[in-house]
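Visitor: I have a model open and some labels to check. Could you take me through the reasoning behind them?

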Amino acid sequence: MHSLVQPNAWVALKLPSGNLRVLQVTPNTTISLGKYGSFPSNLIIHRPFHLTYELQDKLPGENFHRLRIVPASELYSDILTSTTSASSPDGDTPITNNDGDAENAVPTSIEYSLVDPESGAVVAKTDRAELDASARQTLSVEEIEALKKDGTDAGRDIIAKLLLSHTALDQKTEYSLAKYKILKTKKYIRRFCVVPMDVPMLTHWQLEVKDSSKILDMRDEMIALVGCWGNVHFGGEDRRENGEDGGNAIDEQEALEQQTSGRWLAVDDTGGLLVAAMAERMGILYPPENEVTEDENEPILSQGECSNQETATKTRDTPSDKNDEPSGCNIEATAQAEDSLQSNPTPEIAIRPSHRNGKPKEHSSKPPFANSNTLTVIHANQQPNLSFLREYGFDVTNPSQKQDHPLASHLMTISWLQLVDPESDATYTTEIADIAPEVLRLWKTNRRGTYYRKRRRWAKIRHIVDTTRKGEFSGLVTASTMDPISIMRYAVPLLAGGAPIAIYSQSIEPLTALADCYSIARRAAWVATPPDEIVSKTTEELENWAGNEEFPLNPSLVLGASIQTSRVRKWQVLPGRTHPLMTSRGGPEGYVFTAWRVKPAEGKVEARGKARTRKRKLDETTKE
């Protein structure tokens, strides 16, 4: 995971109201926050995540806002002030006023004060006796609108004036006063926090903001359960068979060991969320931090140059109230970068290096896939639906996708047709003939490029299909709307012995039917009265047996079948008022089927050694 905001990366802006705004940080553009202002995107590029920014007022002659990093002492000033404030030093019980007359209220030795975060001065103070006369003034609607249009001091002026003009501020308790201030701060302060678009943030954004059905209502805890029970982890460094590492080709035995370690099989109908979560565990989701993409070769301009360019920000806005947050941007916050970029009127433009170096480019038909730490995705369509991987700089449907991304060499996709019956797939069976280099030199450039593209595509598909059908995968992870029994019929024979299986489903009924196929009673019936179709079959044929009505699957291939679920619930913890929050999100509960792949023993199993009964042990003890 990157620690700095990278150019052209997708990030999430967390607003004071708790809403999220997801956007792509494109260099030399302007990020607009609606009526609250805009700022150059270069101000947050190459800066750490989780910083809180505040938009300052526009300087004379500038049409953009500068950013200021809000320190932690200012963010938590209210908490620090309440901790150090004096409250009832003698431990007296506060005296309440039954008539409710604020002017005749008796002091209770409890002092409520509002402190300016920057200067530390007390804005308002009350001991339930009487407020200052200036604090009783009430702002009109026209005055509030004028203050909102003015927007000075990042919205803190209007918050302070609203608090001072509240006529019933003296009747509020300390908790109510703090709550009122938080509500006004969320509404008028102009701040935002830049958070990374990791898998938990993507899951939260899809569940709470977008369409949760696209990810099958998978929550964070369910993604974690599937990853843990699937034993998804980093599978080790890869050494290519073509000898790219160190220039020495590895032998067939080492290649076979690499192919049987760190290879996972997945069926993903969540748009790529499950694949992203698995790739994050395997360490292949994020590109190198010092990677420079083609778009980054453009110079990053200074603030003045960036502000003169056309505003071009790709955003995904959260639904919000149109009265308070136009364009889905609930940003009542603004920020300034503590060190502004220096102006550069004549920036140097980086020249892209040539790949040829005066020599013709060599085209290799060998597929650029790794042997270990790989992820193979089975899909039902012509192209896999892994659209969420674009948030991490990888597009599986783009034929010109750069090979520098880790997923380009560690992610393989195969259709069910290519897995079950590859001979029916025209792309797999239609071989592109190998043409001599002398003949290729005589062809035109377009024809030669088309030949190389078709040749690489055919070699890539042949490699994926052949290696997948060989099997020996380290685990199976599934989140699909397909019948899990049909998935297990073709996926279980591809797993190595002891490989874990984790299948997610929105409802429990499909997983219950699957667990019944591997139950102890079904396995005992298989051993006692095996079906007539398997009497003369070999072990390999039994693993690929299609099943019948009584035994849909071979129950001897899987052990430890179980179903479980988990849901994290938020609780309100207060004295005498502890209970789960009633505003939690509903939706499907979600269940996970877990099991382990086993290899049935061939022949008769016999116990060896001398068995000693318990009775004999008791007799020896009595003699002693």
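**Labels and their cut-offs**

Guide: Helices α6 and α9 are roughly antiparallel to each other, because their angle falls in the range over 145 degrees (under 35 is roughly parallel, 65 to 115 roughly perpendicular, the rest oblique). This is a predicted model: local features need pLDDT of at least 70, side-chain atom pairs need 80 or more, and totals for chains, interfaces and linings use all residues. Residues are numbered from 1 along each chain as its sequence is written, and side-chain values use heavy atoms, without hydrogens and water.

Visitor: What is the angle at which α6 and α9 pack?

Guide: About 160 degrees, with the axes of α6 (residues 199–208) and α9 (residues 273–282) 10 Å apart. Axes are lines fitted to C-alpha atoms, for helices over the stretch in contact; angles run from 0 to 180 degrees between N-to-C directions. Helices are DSSP runs of H or I, at least four residues; strands are runs of E, at least two; both are numbered from the N terminus.

Visitor: Which residues of α6 and α9 meet?

Guide: V199, P200, L202 and T203 in α6 meet L273, A276, A277 and E280 in α9. Contact means heavy atoms within 4.5 Å.

Visitor: What makes β13 and β16 edge strands?

Guide: Each pairs on one side only. Pairing takes at least two DSSP bridges between two strands. The open sheet of 7 strands has the order β13-β12-β10-β14-β15-β19-β16, with mixed pairing.

Visitor: How many bridges join β14 to β15?

Guide: 4 bridges, and the two strands run parallel. L476 has I501 in β15 as its bridge partner.
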